[in-house]
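Thanks for coming. I will take a few minutes to walk through one structure, starting from a single residue and working outwards.

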Amino acid sequence: MKLSFMRAAALCAATLIGGAAHATSVPAVTDSYVGNYDLNNAFGGHGLWLPGFLGDNTWSITGGTANYDGSTMALNGSVENNVGGTTYSMNFDFLVTKTSNVPAAPYCGTGQACQAATQVMKDNMVYFDMGANSIMGTVTGTGALAGLSMDLVMRPLGIAPDPNKPGQLGYGGNWTNLDFGYSNWLTWSVTSSAQIATGSSGYGDVNLTFTGNGNPGGGNPPPVPLPAGLPLLLTGIAGMAWMRRKQRA
């Protein structure tokens, strides 16, 4: 019985500690956020929004990475959409630059969960513009869209133009929830295509959630949530000890 008890306790401890180690995928709340990240949709299939393009709106992230070095952030990956039973895919390559032109508060969608951001989260938001570039990046078609190319230009966050709302990165930065992410509004214009008229244009946004990719946070190590799991471990051990005493009695 003693051996079984000790094995069970060790198993509980290993499970909680291992789970805690694997749960640390994003940096602590800090304004540096230096590191490499995997890209995901901020909500549903909403990764790259291009209203009016190919008759549909939302393009879902199928893979991609973000790298922030403290000055510039590179976003690269692929998106796809299903229109009329056909799946279309495109690649994107964006580069944005940290800016000192910061708004009074981050942009958050009306009624979205990001309204619950704490003051610490708001204070540690990082903002971006296009730096010296005239475009924030390009999107190129693959497969059925081979030959397609479009330029994306960053627009201020929000529906109405506002020079005080640049792209934003942080907890709530995706403007929908409090996940660690990034968003900015944009305009798109087709520069070459065999399928779509060159010069076609519209507006949209990029709306992303970041997760860890081997180097989250750089010099700012992510929090280890072991203290949160410790009470469960102690409760489990206490419960097994009680059962052991009951069986002896």
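In which strand does Asn-207 lie? Asn-207 belongs to strand β11, which covers residues 201–215. Before going further, please keep in mind that this is a predicted model.

Staying with Asn-207, is this residue buried or exposed? Asn-207 has a relative accessible area of 0%, so it counts as buried. The side chain of Asn-207 has a polar atom 3.1 Å from the backbone oxygen of Asn-174. Leaving aside residues up to four places away in sequence, Asn-207 touches several stretches of the chain. Among them are Asn-40, Asn-41, Ala-42 and Phe-43, then His-46 and Gly-47. Asn-174, Trp-175 and Thr-176 are also in contact with Asn-207, and so are Tyr-182 and Ser-183.

Asn-40, one of those contacts, leads to the next residue. The C-alpha atoms of Asn-40 and Gly-64 are 7.7 Å apart, with the two positions 24 residues apart in sequence terms. Where is Gly-64 found? Gly-64 sits in strand β3, residues 56–68. Its relative accessibility is 17%, and the cut-off for buried is under 20%, so Gly-64 counts as buried. Beyond residues up to four places away in sequence, Gly-64 touches Tyr-37, Asp-38 and Leu-39, together with Asn-76 and Gly-77.

Now a step back to the chain as a whole. How many helices and strands does the protein chain have? There are 3 helices and 11 strands. In sequence order the pattern reads α-β-β-β-β-β-α-β-β-β-β-β-β-α. The chain has 249 residues, and 41% of them count as buried. Taking contacts between residues at least 6 apart in sequence, 67% join residues at least 24 apart. The accessible surface is about 12000 Å², and 58% of that belongs to carbon and sulfur atoms.

Next, how the strands pair. Strand β5, residues 86–98, is antiparallel to strand β6, residues 126–129, with 2 bridges between them. In this pairing Lys-98 stands opposite Phe-128 of β6. Strand β6 also pairs with strand β9, residues 167–171, again in the antiparallel sense, through 3 bridges. There Phe-128 stands opposite Gly-167 of β9. Phe-128 therefore has a partner in each pairing, if you want one residue to follow by eye.

Strand β5 has another antiparallel partner in β7, with 6 bridges. Asn-91 faces Thr-140 of β7 in that pairing. And β7 in turn pairs with strand β8, residues 149–155, antiparallel over 4 bridges. Val-139 has Met-150 in β8 as its bridge partner. The two strands β7 and β8 make a hairpin with 6 residues between them. In the turn, Gly-143 has a positive phi of about 60°.

Strand β7 itself, residues 137–142, is worth a look from both sides. Which residues make up its covered face? Gly-137, Val-139 and Gly-141 do, whereas Thr-138, Thr-140 and Thr-142 make up the uncovered face. In a regular strand, side chains alternate between the two faces of the sheet.

On to aromatic rings. The structure holds 16 aromatic pairs. One of them is Trp-185 with Tyr-203, which is stacked, with 6.4 Å from centre to centre and 15° between the planes. This pair links distant parts of the chain, since Trp-185 is in strand β10, residues 180–192, and Tyr-203 is in strand β11, 18 residues apart. The two partners differ in cover: Trp-185 counts as buried because its relative accessibility is 6%, while Tyr-203, at 44%, counts as partly exposed. Elsewhere, ring pairs join Tyr-33, Tyr-37, Tyr-171, Phe-180 and Phe-210 into a cluster. Tyr-37 came up earlier as a contact of Gly-64.

The last item is the disulfide. How many does a search of the whole structure find? It finds 1. The disulfide is formed by Cys-108 and Cys-114, with their sulfur atoms 1.9 Å apart. The link is right-handed, with 95° about the S-S bond. Both cysteines, Cys-108 and Cys-114, are buried.

That is the tour, and I am happy to go back to any part of it.

Notes
Residues numbered from 1 in each chain as written. Predicted model: local features only at pLDDT ≥ 70, side-chain atom pairs only at ≥ 80, totals over all residues. Heavy atoms only, no water. Buried < 20%, exposed > 50% of the residue type's maximum accessible area, 1.4 Å probe, protein only. Polar contact = N/O pair within 3.5 Å; in protein donor to acceptor, adjacent residues only side chain to side chain. Contact = heavy atoms within 4.5 Å. Phe/Tyr/Trp six-rings, centres within 6.5 Å; stacked < 30°, edge-to-face > 60°. Areas by Shrake-Rupley, 256 points an atom, 1.4 Å probe, with all protein chains shown as cover. Disulfide = S-S within 2.5 Å.
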